[in-house]
2 protein chains.
Amino acid sequence: MGASPDRAAALARDAADPLAAAREQFVIADDALIYMDGNSLGRLPRATVPHLHHVVEEAWGAQLIRGWGTGWYEAPQRIGDRLGTLLGAAAGQVLMCDSTSVNLFKVLMAALALRPGRHTIVSDVLNFPSDLYLAQGCAALLGGQHRLRLVPSHDTLTVGADDIAAALDDDTAVVMLTHVAFKSGAIHDMAAITAAAHAVGALVIWDLSHSAGVLPLALDACNVDFAVGCSYKYLNGGPGAPGYLYVNAAWHEQAVSPIWGWFGQHQPFGFALDYTPAAGIARFLAGTPPILALAAIEPAVEQLAGIGIAAIRAKSMALTGFMIELFDALLAPVGYTLGSPRDVAQLGGHVSVRHPAGYQINQALIERLDVIPDFREPDNIRLGMSPLTTRFVDVWEAADRLRRAVVDGHYQAFAAQRRAVT
Amino acid sequence: MGASPDRAAALARDAADPLAAAREQFVIADDALIYMDGNSLGRLPRATVPHLHHVVEEAWGAQLIRGWGTGWYEAPQRIGDRLGTLLGAAAGQVLMCDSTSVNLFKVLMAALALRPGRHTIVSDVLNFPSDLYLAQGCAALLGGQHRLRLVPSHDTLTVGADDIAAALDDDTAVVMLTHVAFKSGAIHDMAAITAAAHAVGALVIWDLSHSAGVLPLALDACNVDFAVGCSYKYLNGGPGAPGYLYVNAAWHEQAVSPIWGWFGQHQPFGFALDYTPAAGIARFLAGTPPILALAAIEPAVEQLAGIGIAAIRAKSMALTGFMIELFDALLAPVGYTLGSPRDVAQLGGHVSVRHPAGYQINQALIERLDVIPDFREPDNIRLGMSPLTTRFVDVWEAADRLRRAVVDGHYQAFAAQRRAVT
């Protein structure tokens, strides 16, 4: 290990960064704030403001119902197709609609129906708990014959593809995993696990919430069956932005959404009394698309697709690599442990650092040190780096303030102050 | 019948209207346009523009993840409670979330689970078809033992409470109806039908999409079990605005949503691996609430709640009554028939008029006569009157232009023009 990189070294990296100018395309209300939580809520793209203004004041306010003729009907598919370019999905397979939870419910129920007689859903203990809740709910709904099998982790950071594969058998209906783990940022091997699932006759569902917009995906090439995700993280769609779903074209004729709403009907405005699913991906729509929320995400997806995911991934790996370098130099010596894989090729867009006083440190960073990370039980401080807005100097400042929070007594002072007022 | 009311008579009614000033609280981009489709998409309240701007640029753009501390978590319940004042629902029973379709799915599945051993869902042929699709989907999901029984209509306008009651028996699990019919505007007798359902041991679900914000409701007083609705009609929430759901407090312990997402979990940020439903109405949440869409609806609900539903209903009945008066004077003589009940006490916020050339007339109104109604197969022209924005002179102009579309040959000319270009 060489000398600890100093702030000037970070600034030099920023000066050499080909994506540095992308930050100017975002609203930065407080340039001094070190925002390390774009993996929870991405920043507001500047282009979103006038576009949303236009859709609200012109398309809705002035065009009124005629707004539906300005591209609203097609929005879930249009934005889905554009997002598909970031997911490795050919057109006609992605919809931007509903929440991630509702979309996972739809594709999981559809997948289970495609594998009658099989009763095991395989996931892992590092999956985002909401996904596990959804699976538990589907199992309950189907009468209690299904079970959710969770593959354990040996190191709390990751679960190996081999361990997943070893858990599969001819009762496995669906393998349902989050591609990038929400705590550690570890990346699952999508190609290997998908192939292993298919080898036993099971289907796969990938949750891409921590993947889309920060690293390349190859859903079609991996022959993925279904995928879902949220758009408020690296996709910068805003708080509670719509989710999305992917259904491989190979399943469009057979897969049926469990929620039979009018926008999934083959002729929504025919008003026939009986449901006939639409052809193609549209059958996975349910109710009226959320036009204002879709208006907020569309410029963000357009921006990412325009920049291209290869350049974004290169910047992302440089950021996470710099953070791990700083971890070794600044944080390990003061009692932090790494909560993420060391190899940036195995890592999504965030790095977790762990400390027994993680919660107090996280609060001290927010309230005294002008850094916003986030905290995940029991001791993970997540440091999210958004390739389009996080600077290398932000990474340096975050690491330095994490160090200072311990050595300068900030977190202890914060904790004492809290005790005094509560 | 007296003399036909003329335009001056309409203007006099506007001058005497205690709610006339409410129109100024909305964006009116084109004062000459006669907009009769607020029952499909309500107008944009002026207050929505700065509020949405604030939530986007300040709360998201500047506060970033800290925005969640500015009331976002509570938004589905907070807006739901305020909406509840328009629905006759005490606090803690209404959520603004998801789409109407997804909400209907949730409460219908929950209701069916509360009535095991019963296999009939009763609805009527005048229900909005999407609601019937949802029920068909739920029946399919539950293995095909359930059936949807549709009570017919004798007059295509309405289905009597007695006819509904006669269709119920001890196999009826759920009675699922739309309170105000989407074509005719006829109002179901919520109290009588709910009582009849309960008398046979069934539960009720009311779809309030064409009711909320235009007429008083008494969900608690009627002992309604579940209700859902959309907020883009009289609630003025914008295109594809979130739906809402009501679950009577009596069911909060027993009813379980079929979609087990993290916002319905008792501790969403505890990240336990097993689902435990939240206490109260929150268990009917699924994914992350759509904050921007909720920001767009909140000022609109606030505005309606502030004005009060009694005054709104009085204006609504005056508008529909005026339209029926004008129908008799101007439209019946030129070949229109009434597609709605004549008694405004039996009518929601819109009046349907029917004509064999309804589709062509509707298109001529939009493209040549500066009127926007909407058309529903086979021959219904729906004339929606929004109590806060529709003037009596708009009603007069709409009726007069409907008359002129026939007698001045507009629709024939429009149809000929269309034939020439296609």
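**Notebook: B:D169, the A–B contact and helix α5(B)**

I looked up B:D169 first and found this residue partly exposed, since 13 other C-beta atoms lie within 10 Å, a count that falls between the cut-offs of 12 or fewer for exposed and 20 or more for buried. I note here that the model is predicted. B:D169 sits in the loop that joins α6 (161-166) to β5 of chain B. I then checked its separation from B:R118: the two are 51 residues apart in sequence, and their C-alpha atoms are 9.6 Å apart in space.

**Entry: the contact of the chains**

I next looked up the contact between the chains, to which chain A gives 63 residues and chain B gives 63 residues. On the side of chain B that touches chain A, I found at least two residues from each of α2 (48-60), α4 (100-113), α5 (129-141), α8 (291-307) and β12 (374-376). I recorded α5(B) as the element that gives the most to this side, with 8 residues. Sorted by class, the side of chain B that touches chain A holds 38 nonpolar, 16 polar and 9 charged residues.

**Entry: the helix pair**

Two packed helices are described by the angle between their axes and the distance between the axes. I therefore looked up both values for α2(A) and α2(B): the axes come within 11 Å and cross at roughly 160°. Angles over 145 degrees count as roughly antiparallel, and α2(A) and α2(B) are therefore roughly antiparallel to each other. I noted their crossing as right-handed. In this contact α2(A) contributes A:V49, A:L52, A:V56 and A:E57, while α2(B) contributes B:V49, B:L52, B:V56 and B:E57. By class, I recorded 6 nonpolar, no polar and 2 charged residues in the contact of α2(A) with α2(B).

**Entry: α5(B)**

I returned to α5(B) and checked its length. At 1.5 Å a residue, its 13 residues should span 18 Å, and the end C-alpha atoms are indeed 18 Å apart, which agrees. I then looked up burial: 10 of the 13 residues of α5(B) are buried, so the helix is largely enclosed by the rest of the structure. Among the buried residues I listed B:D131, B:L132, B:Y133, B:L134, B:G137 and B:C138. What covers the buried residues of α5(B) includes α4, β3 (120-124), β4 (147-151), β5 (172-178) and β6 (203-207) of chain B. Finally, I checked what comes after α5(B) and found B:G143, which has a positive phi, near 100°.

Note on methods. Residues are numbered from 1 along each chain as its sequence is written. Chains are lettered from A and ligands numbered from 1 in the order in which they are written. This is a predicted model: local features need pLDDT of at least 70, side-chain atom pairs count only at pLDDT 80 or more; totals for chains, interfaces and linings use all residues. Two residues are in contact if their C-beta atoms, placed from the backbone, lie within 7 Å. Helices (H or I, at least four residues) and strands (E, at least two) are DSSP runs, numbered from the N terminus. Ala, Val, Leu, Ile, Met, Phe, Trp, Tyr, Cys and Pro count as nonpolar, Asp, Glu, Lys and Arg as charged, and the others, Gly among them, as polar. The expected span of a helix is 1.5 Å times one less than its number of residues. Axes are lines fitted to C-alpha atoms, for helices over the stretch in contact, and angles run from 0 to 180 degrees between N-to-C directions. Angles under 35 degrees count as roughly parallel, over 145 as roughly antiparallel, 65 to 115 as roughly perpendicular and the rest as oblique. A crossing is left-handed if the near helix is turned anticlockwise from the far one by less than a right angle, and right-handed if clockwise.
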